[in-house]
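This briefing looks at how the parts of one chain meet and at how its ligand is held in place by contacts. Please read it alongside the sequence and the coordinates.

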Amino acid sequence: MTYAFRPHVPELTMASGPCSIYPQVLSAMGTRMVHHRTDDFVALMRSVSDDLSMLFRTVGRVLPVEGESILGLEMAAYNLVEPGDVCINLASGYYGAGYAKVLRGYGGTVVDVAVPYDTSVSIEQVRAALDAHPEAKVLAFVHSETPSASENPMEEICRECHSRGVLTIVDSVSGVGGSDVRFDEWGVDVCVTGPQKCLGSTPGMSLVAVSDRAWERACRVIAETGRYDRSYLCLLPWRSWVECDYVPYTPPISSIYGLKAALDIVADEGLDNVIARHETAARATRAGIRAMGLDLWVDDESHMANSVTAVRVPDGIDDTMLRGLMDERYGLHISGGLGEEAGKLIRIGHMGYTASRQKVLTALSVLGSALMELGYPVDMTGGLQAASAA
Ligand SMILES: *Cc1c(COP(=O)(O)O)cnc(C)c1O
């Protein structure tokens, strides 16, 4: 028997990422294939590279690695961590806490700085950890903790680490393009993002920015540990890309077409305007949620992410039933909580294509309608008015 793949496709996906993508990206991905060693494709890659440098605000070259962003994050540890290295890991959420295992996997001695998953790590906590462990080589953290919708103060953390010679590994998978990231100015060492969050393209790539200090350290770590230097996780084969436009592996050509279309949107709209659009979408979502009479998950406005909003599941409501109703009746797919937070929160992604006035108002009205249908009263008019006003 043949298997017919007929997925249920909601009209709109405003999950914690991936979300619905820009129509321009969708059509670009259907472009006819070219071989990756042709002049045309090399020229395309060069222009993607310029756009990526603009996106991370770096003069260096960003690596367009095939493989979901988790791969880029593991690459960072493969290349920067030697057995015995003290690594400070900020565990402010699901991804941050999980990264400790990756660091340990490469021999790191991990010092966790843990906070509850409804807040972010303060710069004072980071300073205290750095003071207590002057021998630390690496500090890893998540910029925007998508699973709980919190955001860590990336600029302050990176500047502090840079001044102390501690290398930073930053998971900004749902940050870059939605929040300000200044790779060179803040002295970041490795920063990873993906095309499927704030850029509004599809999953399947890691976009990895690497500082000069991180390149130097990678060369030393690979030599000293004897780690396999042609591993797909090893940074060294990517020198040919940095130095002479030569991608060491076959790039995911259709994904590159989509990524380029997404980067064109950023270039046309202007990076600052795109970030402002994410900020506005987040502010409007939060205002709407509060005015409807619902509670936000994260403890303080200053700790909240720009790309996603987490809402406490109201008492007496089953989150699976709520999300199911939103999807089946109203065609809107959103996310629930992960791990410990499962059942406690729902998440609305406003990133890339979905960081828009129309999408935010849609999400609020669908959420409100579904809650009322389940017998939970909300102030729908107040919610939509507050969101519009924001
Ligand atoms: C989405 C996400 C990831 C994982 O990205 P993949 O491309 O799915 O591997 C990692 N960290 C954060 C903070 C994310 O939001």
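Across the interface of domain 1 and domain 2 in this predicted model, the rule finds 15 residue pairs in polar contact, with both residues of a pair at pLDDT 80 or more. One salt bridge is also found across that interface.

**Domains and their interface**

- The domain assignment splits the chain into domain 1, made of 12–17 + 270–389, and domain 2, which covers 23–267, and 27 residues from domain 1 and 29 residues from domain 2 take part in the contact.
- The centres of domain 1 and domain 2, taken over C-alpha atoms, are separated by 28 Å.
- Between them, domain 1 and domain 2 bury about 2200 Å², and 58% of this area falls on carbon and sulfur atoms.
- Of the area that domain 1 buries against domain 2, 23% is supplied by L271, H303 and L338, more than by any other three residues.
- R57 and D272 form a salt bridge in which the closest N and O atoms are 3.0 Å apart.

**Ligand surroundings**

- The shell around the ligand comprises four nonpolar, five polar and three charged residues, and among the residues around the ligand are Y95, V142, D171 and Q196.
- An N or O atom in the side chain of E68 lies 2.3 Å from an oxygen atom of the ligand, and for the side chain of T146 the corresponding distance to a ligand oxygen atom is 2.3 Å.
- A polar side-chain atom of K197 is 2.7 Å from an oxygen atom of the ligand.
- On its own the ligand has 390 Å² of accessible area, of which the protein covers 91%.

Terms used:
Residues numbered from 1 in each chain as written. Predicted model: local features only at pLDDT ≥ 70, side-chain atom pairs only at ≥ 80, totals over all residues. Heavy atoms only, no water. Near = heavy atom within 4 Å. Polar contact = N/O pair within 3.5 Å; in protein donor to acceptor, adjacent residues only side chain to side chain. Areas by Shrake-Rupley, 256 points an atom, 1.4 Å probe, with all protein chains shown as cover. Nonpolar A, V, L, I, M, F, W, Y, C, P; charged D, E, K, R; others polar. Domains from an automatic or database assignment. Contact = heavy atoms within 4.5 Å. Buried area = accessible area lost by both parts, 1.4 Å probe. Salt bridge = Lys/Arg side-chain N within 4 Å of Asp/Glu carboxyl O.
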